[in-house]
Amino acid sequence: MTNTIFIFWGFAGWLVECIDMRIEAGEFQNRGFLHMPFCPIYGVGMAAGSVALGSVKDSYAGLFVFGVIFCSVVEYIVGGILERLFRSKWWDYSHMRFNIKGRVCLRNAVLFGFGAIAVFRVAQPMVEGVIGGIPMETRVAITAVFSTAFVVDLAASARRAWTYRKNQEGDELRLIFKAHR
């Protein structure tokens, strides 16, 4: 079931990012590293969170703290990896107060905390119920098709990012997406 949760939340995260940037930047942006409508950072976070949370799922305060810390740490690490590998930034919060290297900011950390409560207390049980109702053979087929598409897209997206890096001049990191207002 973890694979299907990864797929569902990766797509849901991409959708949330697109809606957020439509509101914040005033335009559609295909958010994320990949070409396909999928943000792996959300899929990984939800799959790992579903496994790691344990009894914390029963505590609003525990979920909030988990969301703030876990999501911010993941966002900071992934941002740093992308910057080092591709000399590019996929997001930049440096214009926001209380940020760390533009990779994380207090506003988003708090939103992650409340998001963890909403997702793990309300949405995730429903998602697990729906996924649990899908026959195992169908879930395996979906996972196989998605995994193939994911690997192909990951390779193509990495190649595109390496090409951008090779053609980039200077030492400044290149911002991939328009920043929030």
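Is E75 buried or exposed? With a relative accessibility of 8%, E75 counts as buried (buried is under 20% relative accessible area, exposed over 50%, partly exposed in between, with a 1.4 Å probe and protein chains only).

This is a predicted model, where local features need pLDDT of at least 70, side-chain atom pairs count only at pLDDT 80 or more, and totals for chains, interfaces and linings use all residues. Residues are numbered from 1 along each chain as its sequence is written, and side-chain values use heavy atoms, with hydrogens and water left out.

**View 1. E75 in its helix.** E75 sits in helix α3, which covers residues 60–86. Helices here are DSSP runs of H or I with at least four residues, strands are runs of E with at least two, and both are numbered from the N terminus.

**View 2. The company E75 keeps.** Skip the neighbours within four places in sequence, and E75 still touches I41, W91, Y93, R103, V104, N108 and F112 (contact means heavy atoms within 4.5 Å).

**View 3. The fold around the close-ups.** Five helices and four strands make up the element list, and from the N terminus on they go α-α-α-β-β-β-α-α-β. Of the contacts with a separation of 6 or more, 75% link residues 24 or more positions apart. Buried residues account for 40% of the 181 in the protein.

**View 4. Overall extent.** Along the principal axes, the C-alpha trace spans about 50 × 40 × 30 Å.
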